[in-house]
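Please open the structure in your viewer and keep the sequence panel beside it, so that each selection can be followed in both places. The tour goes from one stop to the next, with a short account of what is there.

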Amino acid sequence: MDFAFDQSQRLNPLEVYQTGIQLMYEIVQREWDENVRLMVAEQIEGYNVLMMFLNHQDPTAPDQLVVGHCVAALYRAVTVMTDGVIFCELRSRLSLFEKRIGALSIAPVDDDPDGIEVGNMTTVIPKTNMTITDISAPGLGISSGTIRDPNNPRFSITYHFLGKNIIPREISMVVLEAMTAAAPFSKNAECKGIDVVSNGGGAAIVIESTHSDRARFTYGWATRSLKMLYQGIIVPRKRWGDVWLEMKYEDVKFGELRMLRITGGKREGVDAVKEGR
């Protein structure tokens with residue numbers, strides 16, 4: 001895949017992460033080898049970021065754009081934006097064996113994505129002095145609470161913040177990384193566990209299933225938990241720090257998620273998280 005940027009069309013970093021996580025969640029609900037014709041991220045109210053995949057090929061053509069390609073492309077695109085600190089309009093052509101199979105667009109909502117062409121845009125990653133200042137990270141204290149899935153009130157998450165700050169971009173990327181790790185598995189398959197580290201090495205997520213007679217903890221529930229963690233707990237509460245989640249179905253725990261800070265290559269707070277302190 002290649003990238004083209006338009007620095008005249010700046011994007012808010014938090015909106016990029018939020019929309020990217022939303023689109024990744026929507027992608028991973030599909031099967032890994034399922035064909036993709038058009039996929040557009042559900043619009044988040046008040047945000048000026050539109051993300052979409054397009055496939056202009058004839059449906060009967062070989063080497064179609066599939067979910068696996070989209071997962072890899074989206075993760076790579078957000079990683080490039082983060083590493084280069086370049087949050088602006090991005091267009092990318094997706095190719096397989098030198099044959100174009102689709103395209104990815106990350107652009108302002110009012111931009112015209114038709115065709116997702118890159119001919120008039122710079123195709124190298126420009127160096128900028130832009131910093132990620134649109135994500136605030138106030139001090140943390142230990143606190144707990146419970147949220148319920150608005151689409152399925154029988155599913156709830158009890159969260160426990162443990163007091164250690166984590167850089168917001170590390171949290172954003174490790175959530176995206178965890179969704180990417182779940183993507184190859186069917187959403188209905190039992191989750192065997194997820195253990196990932198952010199691209200920047202500053203945060204880790206560990207997801208494990210626990211025994212329950214009420215429900216099986218699947219990869220679908222794991223990705224739902226990640227989405228709710230980011231969009232329902234961290235962002236609205238501006239609590240950018242280590243956290244322990246208990247996922248429950250009909251108020252019976254069937255999964256756990258631990259997000260940990262990494263300092264000097266060492267994961268912090270594992271024992272405290274496990275003991276629930």
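## A cavity and four residues

The largest cavity in this predicted model holds about 30 Å³ of space. A search of the whole structure finds one cavity of 30 Å³ or more, and that is where the tour begins.

**Stop 1: the cavity lining.** Select Val28, Gln29, Ala182, Phe185, Lys187, Tyr219, Gly220 and Thr223, which together line the largest cavity. If you then colour the selection by class, the lining shows four nonpolar, three polar and one charged residues. Which helix gives the largest share of this lining? It is helix 4, residues 219-237, which contributes three residues.

**Stop 2: Ile27.** Now select Ile27, which is found in helix 1, a helix that covers residues 13-28. Is Ile27 buried or exposed? Its relative accessibility is 0%, and therefore Ile27 counts as buried. Add Val67 to the selection and look at the two C-alpha atoms: although Ile27 and Val67 are 40 residues apart along the chain, these atoms are separated by 6.6 Å.

**Stop 3: Asp242.** Next, select Asp242, which has its place in strand 10, residues 241-249. Asp242 is buried and yet has no salt bridge, since the nearest side chain of opposite charge, that of Lys164, is 4.5 Å away, while a salt bridge is counted within 4 Å. What does the side chain of Asp242 reach instead? Show the backbone of Gly163 and Lys164 as well: the side chain of Asp242 reaches the backbone nitrogen of Gly163 at 3.3 Å, and a polar atom of that same side chain lies 2.8 Å from the backbone nitrogen of Lys164.**Stop 4: Val85 and Phe97.** Finally, turn to the backbone, keeping in mind that most residues other than glycine have a negative phi. Select Val85, in the loop between helix 2 (67-84) and strand 4 (88-96), where phi is positive, at about 45°, although this residue is not a glycine. With a relative accessible area of 23%, Val85 is partly exposed. Then move on to Phe97, which has its place in the loop between strand 4 and strand 5 (99-107). Phe97 is not a glycine either, but has a positive phi of about 55°. Is Phe97 buried or exposed? Its relative accessibility is 73%, so Phe97 counts as exposed.

Definitions and conventions:
Residues are numbered from 1 along each chain as its sequence is written. This is a predicted model: local features need pLDDT of at least 70, side-chain atom pairs count only at pLDDT 80 or more; totals for chains, interfaces and linings use all residues. Side-chain values use heavy atoms; hydrogens and water are left out. On a 1 Å grid over the protein atoms alone, a cavity is a set of points where a 1.4 Å probe fits but cannot get out, and a pocket is an open set with protein on both sides within 12 Å along at least five of seven lines; lining residues have an atom within 4 Å of a point. Grid points are joined across faces, edges and corners, and a volume is the space filled by probe spheres set on the points. Helices (H or I, at least four residues) and strands (E, at least two) are DSSP runs, numbered from the N terminus. Ala, Val, Leu, Ile, Met, Phe, Trp, Tyr, Cys and Pro count as nonpolar, Asp, Glu, Lys and Arg as charged, and the others, Gly among them, as polar. Buried means under 20% relative accessible area, exposed over 50%, partly exposed in between (1.4 Å probe, protein chains only). Lys and Arg count as positive and Asp and Glu as negative; His and the chain ends are not counted. A polar contact is a pair of N or O atoms within 3.5 Å; within protein, one must be able to donate a hydrogen and the other to accept it, and residues adjacent in sequence count only if both atoms are side-chain atoms.
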